[in-house]
Amino acid sequence: MSDAVYEQLARVEDRLWWHESRRELIRVLLTRVGEAFQPVDRLESRSHIAAALDVGCGTGGSFSLLSEYADRVVGIDLSPRALELAKHKHRSAELHLADANALTRWFDEESFDLVSMLNVLYHRWILDEVSALRQVWAVLKPGGVIVISDPAFGCLFRRHDRVVRGRRRFTLGQMRKLLSAARFDWVAGTYFNMVSFLPAWCLARWDDVRPHTNGDAPLGEIAVPPFPINDAMQLVMAFERAAIRLLGRTPFGVTLLCVARKPGRLDSRKVEGQRSKVKGRKVGTLDFRPLTFDLGP
């Protein structure tokens, strides 16, 4: 994505209803994995797993969530500007300039208990989805978990996808086949944001007939609406999560979310106190230009 879009994302991802709803739904799906992947009890002094990796971490919107599960959270991205913004928001974060297509060049095998790939696989810079997933499989410990979200249904492909450098959208069936090809065991999956499906479809059809606009222009779809609308959408999404808890999944939605597991039994103690090999460039070595915009409260 362009620097301008990353800057827009950094301003909104802690407040926008869609991001908050995705974080809540990840918590719901992780409860289906097992005891080790329950959120940290705030009264306890330690978390249940040792290390989590956020692949394509962007501006760091998932770090707080992953910190609920892991003692150590590592983020990687190909964008220096995104990592700069993530470091601005999370001063103690462990961030690296690294490529999702070759994780084993940067990290030891079986280094992480949990890996997240949130809106990553659909990007143009993923050379091959199965190959990228096999890289995740390699750095996960036996019994480790991968969490994936990606845009759903090709009929919804539109300007938003082009601006964020998207290449394709997936169905749950397609994602399940990709994970199986990478030797993961499926745990759970669902679509979400059903309420936006029809508006997104209409935008996609309008996009089919209008001239393509500037790909670096701000995205209205990731702007925070007035607080009554933002709060109302969070309430709608809360009802949707309740339906997912009851029924297991929804039949359609703008985005998909799934959880899969590497076969084996998780032994988080295996990497306690161990630092994974990192050959990429740490954020601290980059020449950051001054931040020239307001990240908001």
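The legends below accompany close-up views of a predicted model.

**View 1. Overall composition of the predicted model.** The protein has 297 residues, of which 56% count as buried, and its secondary structure consists of nine helices and eight strands. Among the contacts that join residues at least 6 apart in sequence, 79% link residues at least 24 apart.

**View 2. Helix H1 and the elements around it.** Helix H1 covers residues 3–12, and because seven of its ten residues are buried, this helix is largely enclosed by the rest of the structure. The buried residues are Val5, Tyr6, Glu7, Gln8, Leu9, Ala10 and Val12, and they pack against H2, S2, helix H4 (80–89) and H6. Tyr6, one of these buried residues, is also among the residues touched by Asp77, which is the subject of View 5.

**View 3. Helix H4 and its packing partners.** In H4, the buried residues are Arg81, Ala82, Leu83, Glu84, Leu85 and Ala86. The buried residues of this helix pack against H1, helix H3 (63–67), S2 and strand S3 (94–97), and the contact with H1 appears again from the other partner, since the buried residues of H1 pack against H4 among other elements.

**View 4. Arg22, a buried charged residue in helix H2.** Arg22 is placed in helix H2, which runs over residues 17–30. Although Arg22 is buried, it has no salt bridge, and the nearest side chain of opposite charge, that of Glu13, is 6.1 Å away; a salt bridge would require a side-chain nitrogen of Arg within 4 Å of a carboxyl oxygen, so this separation does not qualify. The side chain of Arg22 is instead joined to the side chain of Asn119 by a polar contact of 3.1 Å. When residues up to four places away in sequence are not counted, Arg22 touches Ser62, Leu118, Asn119, Ser149, Phe192 and Leu257.

**View 5. Asp77, a buried acidic residue in strand S2.** Asp77 lies in strand S2, which comprises residues 70–77. This residue is likewise buried and without a salt bridge, the nearest side chain of opposite charge being that of Arg22, at 11 Å. The side chain of Asp77 reaches the backbone nitrogen of Ser79 at 3.0 Å. Its contacts, not counting residues up to four places away in sequence, are with Tyr6, Gly56, Cys57, Gly58, Ala82, Leu83, His96, Leu97 and Ala98; of these, Ala82 and Leu83 are among the buried residues of H4.

**View 6. The two sides of helix H8.** Helix H8 is formed by the 13 residues 197–209, for which a rise of 1.5 Å a residue predicts a span of 18 Å, and the end C-alpha atoms are 19 Å apart, which agrees. Within H8, Phe197, Ala200, Ala204 and Asp207 are buried. These residues cover an arc of only 85° around the axis, which puts them on the same side of H8. Leu198 and Val209, on the other side of the helix, are exposed, whereas the buried residues of H8 pack against helix H6 (159–163).

**View 7. Arg183 in the loop between helix H7 and strand S6.** Arg183 is found in the loop that lies between helix H7 (172–181) and strand S6 (185–192). Its C-alpha atom is separated by 7.7 Å from that of Arg134, although the two residues are 49 residues apart along the chain. Leaving aside neighbours within four places in sequence, Arg183 is in contact with Trp137 and Pro263.

Terms used
Residues are numbered from 1 along each chain as its sequence is written. This is a predicted model: local features need pLDDT of at least 70, side-chain atom pairs count only at pLDDT 80 or more; totals for chains, interfaces and linings use all residues. Side-chain values use heavy atoms; hydrogens and water are left out. Helices (H or I, at least four residues) and strands (E, at least two) are DSSP runs, numbered from the N terminus. Buried means under 20% relative accessible area, exposed over 50%, partly exposed in between (1.4 Å probe, protein chains only). Lys and Arg count as positive and Asp and Glu as negative; His and the chain ends are not counted. A polar contact is a pair of N or O atoms within 3.5 Å; within protein, one must be able to donate a hydrogen and the other to accept it, and residues adjacent in sequence count only if both atoms are side-chain atoms. Contact means heavy atoms within 4.5 Å. The expected span of a helix is 1.5 Å times one less than its number of residues. The arc is that of the directions from the helix axis to the C-beta atoms.
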